[in-house]
Amino acid sequence: MSSTIDILIEVFTWIGFAGFLALAVVIVGVWAVDGTWLPAEAIVDREGGETVVRWYDAEGDANVAVADPSDAAALAGRETASIWYRHGWRDRMRLTRRPPGLRRLVLAAGGMLALGVLCLIAGWVLYFAR
């Protein structure tokens with residue numbers, strides 16, 4: 001019975017650390033592909049039933065973007081908003097600095113690391129308890 005538990009703990013240790021490593025590589029890739037986003041203060045307008053966001057970028061150029069439905073819901077009733085715009089691109093904005101999926105990936109990587117560490121400690125405790 002104890003050898004079965006040892007095998008399970010060893011397998012989950014490797015799954016935890018390998019999952020963490022794989023997710024860490026994906027996180028770095030998503031972060032790199034996301035590019036540079038700069039902050040700006042924007043004016044929120046409504047045109048033809050759509051929410052339109054207008055701002056000036058770091059070069060002084062005027063930009064305008066139509067907010068997607070989730071951003072439009074967050075901007076409902078507001079006249080100004082703090083936004084993030086994509087450096088080097090025109091008319092791209094979002095309300096958060098990093099992509100929302102990146103936070104989920106970081107939490108998943110943290111969970112995999114916690115699984116690996118807990119199983120490693122459990123394996124050591126069982127080893128020295130014998």
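Begin with the whole chain in a cartoon view, where you can trace three helices and five strands, these being DSSP runs numbered from the N terminus, of at least four residues (H or I) for a helix and at least two (E) for a strand. This is a predicted model, in which local features need pLDDT of at least 70 and side-chain atom pairs count only at pLDDT 80 or more, while totals for chains, interfaces and linings use all residues. Residues are numbered from 1 along each chain as its sequence is written, and side-chain values use heavy atoms, with hydrogens and water left out.

**The whole chain**

If you follow the sequence from its start, the elements come in the pattern α-β-β-β-α-β-β-α. The radius of gyration is 23 Å, well over the 14 Å that the globule rule gives for 130 residues, so the chain is more spread out than a compact globule; the radius is taken over C-alpha atoms, and the rule is 2.2 Å times the number of residues to the power 0.38. Turn the C-alpha trace along its principal axes and you will see a span of about 70 × 30 × 20 Å. Buried residues make up 25% of the 130 residues, where buried means under 20% relative accessible area, exposed means over 50%, and partly exposed lies in between, with a 1.4 Å probe and protein chains only.

**The nonpolar core**

Next, select Val53, Trp55, Ala67, Leu75, Ile83 and Met93, which touch the most other members among the 13 residues of the largest nonpolar core. Such a core is a set of buried Ala, Val, Leu, Ile, Met, Phe, Trp, Tyr and Cys residues joined through side-chain atoms within 4.5 Å. Strand S1 (37–47), strand S2 (50–56) and strand S4 (80–86) each supply at least two residues of this core. Now centre the view on Met93: leaving aside neighbours within four places in sequence, its contacts (heavy atoms within 4.5 Å) include Trp37, Val53, Trp55, Ala65, Ala67 and Ile83.

**Strands S2 and S3**

Move on to S2 and S3, which pair in the antiparallel sense over five bridges; two strands pair if DSSP finds at least two bridges between them. Select Tyr56 and you will find Ala62 of S3 standing opposite. The hairpin of these strands has five residues between them, and Gly60 there takes a positive phi near 90°. In a regular strand the side chains alternate between the two faces of the sheet. Show the side chains of S3 (residues 62–66): Asn63 and Ala65 form a covered face, whereas Ala62, Val64 and Val66 form an uncovered one.

**The salt bridges**

Finally, look for the three salt bridges in the structure, each a side-chain nitrogen of Lys or Arg within 4 Å of a carboxyl oxygen of Asp or Glu. In one of them the side chains of Asp34 and Arg94 meet, at 2.7 Å from N to O. This pair links distant parts of the chain, since Asp34 lies in helix H1 (residues 2–34) and Arg94 in strand S5 (residues 93–94), 60 residues apart. Both Asp34 and Arg94 are buried.

Then select Arg54, which forms a salt bridge with Asp45, with the closest N and O atoms 2.7 Å apart, and another with Glu47, where the closest N and O atoms are 2.1 Å apart. Through shared partners, Asp45, Glu47 and Arg54 are joined into one network. Asp45 is partly exposed at a relative accessible area of 25%, Arg54 counts as partly exposed at 30%, and Glu47 counts as partly exposed at 41%.
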